[in-house]
Amino acid sequence: MLQRFLDPATLASISGLDLIAKTVVDGFVAGLHRSPDFGFSQEFAEYRAYSEGDDLRHVDWNVFARTDKLFLRRYRGETNSQLLVLLDTSASMGYGSHQVHKLDYARFVAASLCYMANLQRDAAGLIIFDEDVTNYVAPSTRQGQIFRLLHAIEKAVPGTRTDFIKPFIHFQNFLHRRGIVVVLSDFYEDPETIVKTIEPLRYRGNDVILFHVLDPQEIKPKFREPVLLLDMENETHSMEVSPEYAKHEYRQKIDAHIEALSSKARGSGLDYFLMDTGRPLDEGLREYLSVRRGIL
């Protein structure tokens with residue numbers, strides 16, 4: 001059941017990013033509550049009895065249905081964590097070999113993380129970038145923040161090339177509170193350059209997660225005949241690729257790139273996670289929660 005909720009193709013058929021985020025998080029949370037080894041229910045909330053005047057929006061109606069008693073979820077570390085999502089909208093993120101493009105998948109993840117942060121009373125914010133910062137929503141817990149975030153994510157479209165320096169300069173100029181930083185990108189840049197640009201955020205006390213978003217055909221291409229590949233960020237560059245090259249030389253290069261980025265990131269204290277856009281979203285949400293549990 002959980003896999004059905006989190007399947008990218010299923011999510012793509014749902015109208016509205018708010019409903020997508022709710023579907024993902026509700027299905028994911030239900031799965032974690034059933035999990036004997038993750039301990040999510042203890043981390044997510046404690047319960048206390050309802051008192052007159054409490055906000056009914058925080059009542060757990062599932063518990064009420066079972067016990068006929070009113071209990072409120074009491075979140076641990078309320079307003080004590082900050083989440084900032086950096087969403088790469090460079091042209092290459094517009095690629096997709098199936099129903100869900102990389103940017104679609106990254107948008108689903110970003111929306112779900114913001115929705116979860118909102119449930120946990122964390123301040124959440126967003127930086128959208130390609131070669132420049134194209135949108136910024138400052139982290140906040142004020143009323144309506146989740147709708148501001150979802151609206152910005154909904155409007156995100158593929159842009160130009162990637163420049164990782166701009167969003168991190170923006171971060172350092174405007175954000176001084178420590179928290180969790182999630183970067184969603186296909187990271188088509190030299191791994192050493194990426195890590196050297198991002199690692200100062202870790203030095204400043206942030207927990208940083210790199211979500212490496214790649215299409216299945218980028219990870220394990222399967223061509224039956226030669227194809228012409230076009231550089232989406234520089235359309236003057238193209239390359240004819242044979243099935244033999246895709247199976248051997250290309251695979252070696254992409255595997256080496258993934259390994260180098262993973263190794264250098266973790267060597268600098270950054271969390272790294274490869275996200276295949278053909279797979280359900282639960283891996284990314286689990287990774288985020290694992291990091292969040294570590295700073296509560």
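## Exercises: salt bridges and a sheet

Arg-161 forms a salt bridge with Glu-131, and their closest N and O atoms are 3.3 Å apart. We'll start from that pair; keep in mind that this is a predicted model.

### Exercise 1

Work out which parts of the chain the Arg-161 and Glu-131 pair ties together, and whether each partner is buried, partly exposed or exposed.

**Solution.** Step one: find the two residues. Arg-161 sits in the loop between α7 and α8 (165–174), while Glu-131 sits in the loop between β4 (123–129) and β5 (133–140), so the salt bridge ties together parts that are 30 residues apart in sequence.

Step two: check the accessibility. Buried means under 20% and exposed means over 50%, with partly exposed in between. Arg-161 has 43% relative accessibility, so it counts as partly exposed. Glu-131 comes out at 29%, so it is partly exposed too.

### Exercise 2

Find the salt-bridge partners of Lys-102 and Glu-154, and say which helices each pair links.

**Solution.** Take Lys-102 to begin with. Its salt bridge is with Glu-218, with 2.8 Å between the closest N and O atoms. This pair links distant parts of the chain: Lys-102 is in helix α6 (residues 102–119) and Glu-218 is in helix α10 (residues 216–219), 116 residues apart. Both Lys-102 and Glu-218 are buried. There's a bit more to it: Lys-102, Asp-186 and Glu-218 are linked in a network of salt bridges.

Now for Glu-154. It forms a salt bridge with Arg-107, the closest N and O atoms being 3.3 Å apart. Glu-154 belongs to helix α7 (residues 145–155) and Arg-107 to helix α6, and the two are 47 residues apart. Glu-154 has 40% relative accessibility, so it counts as partly exposed. Arg-107 has 10%, so it counts as buried.

And the full tally? The model has seven salt bridges.

### Exercise 3

Give the order of the strands in the open sheet, and explain why β5 and β10 each have one side without a neighbour.

**Solution.** Start with the order. Six strands make up the open sheet, running β5-β4-β3-β6-β7-β10 with mixed pairing. Next, look at the ends: β5 and β10 (271–276) stand at the edges with a single partner strand each, so one side of each has no neighbour in the sheet. From one strand to the next, the twist averages 15 degrees.

Then compare two pairings. Strands β6 (residues 180–185) and β7 (residues 207–214) run parallel and are joined by six bridges; here Leu-184 stands opposite Phe-211 in β7. Strands β4 and β5 run antiparallel, with five bridges between them. Phe-129 has Val-133 in β5 as its bridge partner, and a hairpin of three residues joins β4 to β5.

Last, add the helices. Helix α6 lies across β3 (82–88), β4, β6, β7 and β10, at about 170 degrees to β3. Helix α9 (residues 191–203) packs on the sheet too, touching β6 and β7, and its direction makes about 150 degrees with that of β7.

### Exercise 4

Describe the surroundings of Ser-140: where is it, is it buried or exposed, and what does its side chain reach?

**Solution.** Ser-140 is in strand β5. Its relative accessible area is 15%, so Ser-140 is buried. Its side chain reaches the backbone nitrogen of Arg-142 at 2.9 Å. Leaving aside neighbours within four places in sequence, Ser-140 is in contact with Asp-122, Ala-123, Ala-124 and Gln-145.

Key: Residues are numbered from 1 along each chain as its sequence is written. This is a predicted model: local features need pLDDT of at least 70, side-chain atom pairs count only at pLDDT 80 or more; totals for chains, interfaces and linings use all residues. Side-chain values use heavy atoms; hydrogens and water are left out. A salt bridge is a side-chain nitrogen of Lys or Arg within 4 Å of a carboxyl oxygen of Asp or Glu. Helices (H or I, at least four residues) and strands (E, at least two) are DSSP runs, numbered from the N terminus. Buried means under 20% relative accessible area, exposed over 50%, partly exposed in between (1.4 Å probe, protein chains only). Two strands pair if DSSP finds at least two bridges between them. Axes are lines fitted to C-alpha atoms, for helices over the stretch in contact, and angles run from 0 to 180 degrees between N-to-C directions. Contact means heavy atoms within 4.5 Å. A polar contact is a pair of N or O atoms within 3.5 Å; within protein, one must be able to donate a hydrogen and the other to accept it, and residues adjacent in sequence count only if both atoms are side-chain atoms.
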